[in-house]
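Q: I have a protein model open and do not know how to read it. Can we go through it feature by feature?

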Amino acid sequence: MGGVSVGVLDHFNVRTRNLAETVRFYEDVLGLEKGARPNFAFPGAWMYSEGKPVVHLVDISPTAEPQKPDSGVVHHVAFASRGFDGMKQRLASKGMKFDSRQVPGGELWQIFVHDPNGVMIELNYEAALEQGAAPAEMADDIGRQ
């Protein structure tokens, strides 16, 4: 299958009854920016990182659709990130609960945090590009939870 590739993650979509709170989380906690969005017939927001709309939010509050408590069968959504220590400080300053860990082998550091809808966000940092102390390795595997 030469020349065939799935490519990289484009975006993920969250259907929420808490649009304002969810926009605030992605802006204030993760540092994304609310930006341009096509003129869909339903309300929502697109959240940008480095000029790309990576999180699409759909406001379901005008509908009868129930709010799901978490990300369902999608266990988590991951970003390739930079600034491990800075993000830990940012999350702590916002009072956010999070886990940081080192993937066995030490080449990847991770931070896990939940958005207001219960969606688990995984932030991945290449250890070679980061400075500061590595997080302790965790024996449990986030993929099994």
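A: Start with a hairpin. In the one made by strand 6 and strand 7, 5 residues sit between the strands, and G105 has a positive phi near 105°. Keep in mind throughout that this is a predicted model.

Q: How are strand 6 and strand 7 paired, and over how many bridges?

A: Strand 6 covers residues 98-102 and strand 7 covers residues 108-114; they pair in the antiparallel sense over 5 bridges. To follow the pairing by eye, take one pair of partners: D99 has F112 in strand 7 as its bridge partner.

Q: Which strand pairs with strand 7 over 7 bridges?

A: That is strand 8, residues 120-126, and this pairing is also in the antiparallel sense. Here Q110 stands opposite N124 of strand 8.

Q: What is the order of the strands in the open sheet with strand 5 in it?

A: The order is 5-8-7-6, which makes an open sheet of 4 strands with mixed pairing. Strand 5 and strand 6 are the edge strands, each pairing on one side only. On average, neighbouring strands of this sheet are turned by 20° against each other, ignoring direction.

Q: Where does helix 2 lie relative to these strands?

A: Helix 2 lies across strand 6, strand 7 and strand 8, and runs at about 20° to strand 7.

Q: What is the strand order of the other open sheet, the one with strand 1 in it?

A: Its 4 strands come in the order 1-4-3-2, and the pairing is mixed. Strand 1 (12-16) and strand 2 are at the edges with a single partner strand each, so each has one side without a neighbour in the sheet. The average turn between neighbouring strands of this sheet is 30°, direction ignored. Within it, strand 2 and strand 3 run antiparallel and are joined by 3 bridges. One place to look is K34, whose bridge partner in strand 3 is M47.

Q: How should I picture the side chains along a strand?

A: In a regular strand, side chains alternate between the two faces of the sheet.

Q: How many helices and strands does the whole chain have?

A: There are 2 helices and 8 strands. Read from the N terminus, the elements follow the pattern β-α-β-β-β-β-α-β-β-β. The C-alpha trace spans about 45 × 45 × 30 Å along its principal axes.

Q: What does a database record say about residues 8-126?

A: An unreviewed UniProt entry annotates them as "domain: VOC". In the model, this stretch is 18% helix and 38% strand, and its end C-alpha atoms are 17 Å apart.

Q: What share of the chain counts as buried?

A: Of its 145 residues, 35% do. Burial can then be read element by element: in helix 1 (residues 19-29), the buried residues are L19, T22, V23, F25, Y26 and V29. After helix 1 comes G31, with a positive phi near 85°.

Q: Which residues form a cluster of linked ring pairs?

A: F12, F25, Y26 and F79 do. The structure holds 7 aromatic pairs. In the pair F40 and W46, the ring centres are 6.2 Å apart and the planes stand at 55°, so the pair is tilted. F40 is partly exposed at 34% relative accessible area, whereas W46 counts as buried at 16%.

Q: Where in the chain is R37, and what does it touch?

A: R37 lies in the loop between strand 2 (33-35) and strand 3 (44-49). Leaving out residues up to four places away in sequence, R37 touches F42, P43, G44, A45, W46 and L57. A polar atom of the R37 side chain lies 3.0 Å from the backbone oxygen of F42. With a relative accessible area of 22%, R37 is partly exposed.

Q: Why does S81 count as buried?

A: Buried means under 20% relative accessible area. S81 has 18%, so S81 is buried. S81 belongs to the loop between strand 5 (77-80) and helix 2 (84-93). Its side chain reaches the backbone oxygen of F79 at 3.4 Å. Apart from neighbours within four places in sequence, S81 is in contact with L123, N124, Y125 and E130.

Notes
Residues numbered from 1 in each chain as written. Predicted model: local features only at pLDDT ≥ 70, side-chain atom pairs only at ≥ 80, totals over all residues. Heavy atoms only, no water. Phe/Tyr/Trp six-rings, centres within 6.5 Å; stacked < 30°, edge-to-face > 60°. Buried < 20%, exposed > 50% of the residue type's maximum accessible area, 1.4 Å probe, protein only. UniProt positions renumbered as here; feature names shortened; annotations may be inferred. Polar contact = N/O pair within 3.5 Å; in protein donor to acceptor, adjacent residues only side chain to side chain. Contact = heavy atoms within 4.5 Å. Pairing = 2+ DSSP bridges. Axes fitted to C-alpha atoms, helices over the stretch in contact; angles between N-to-C directions.
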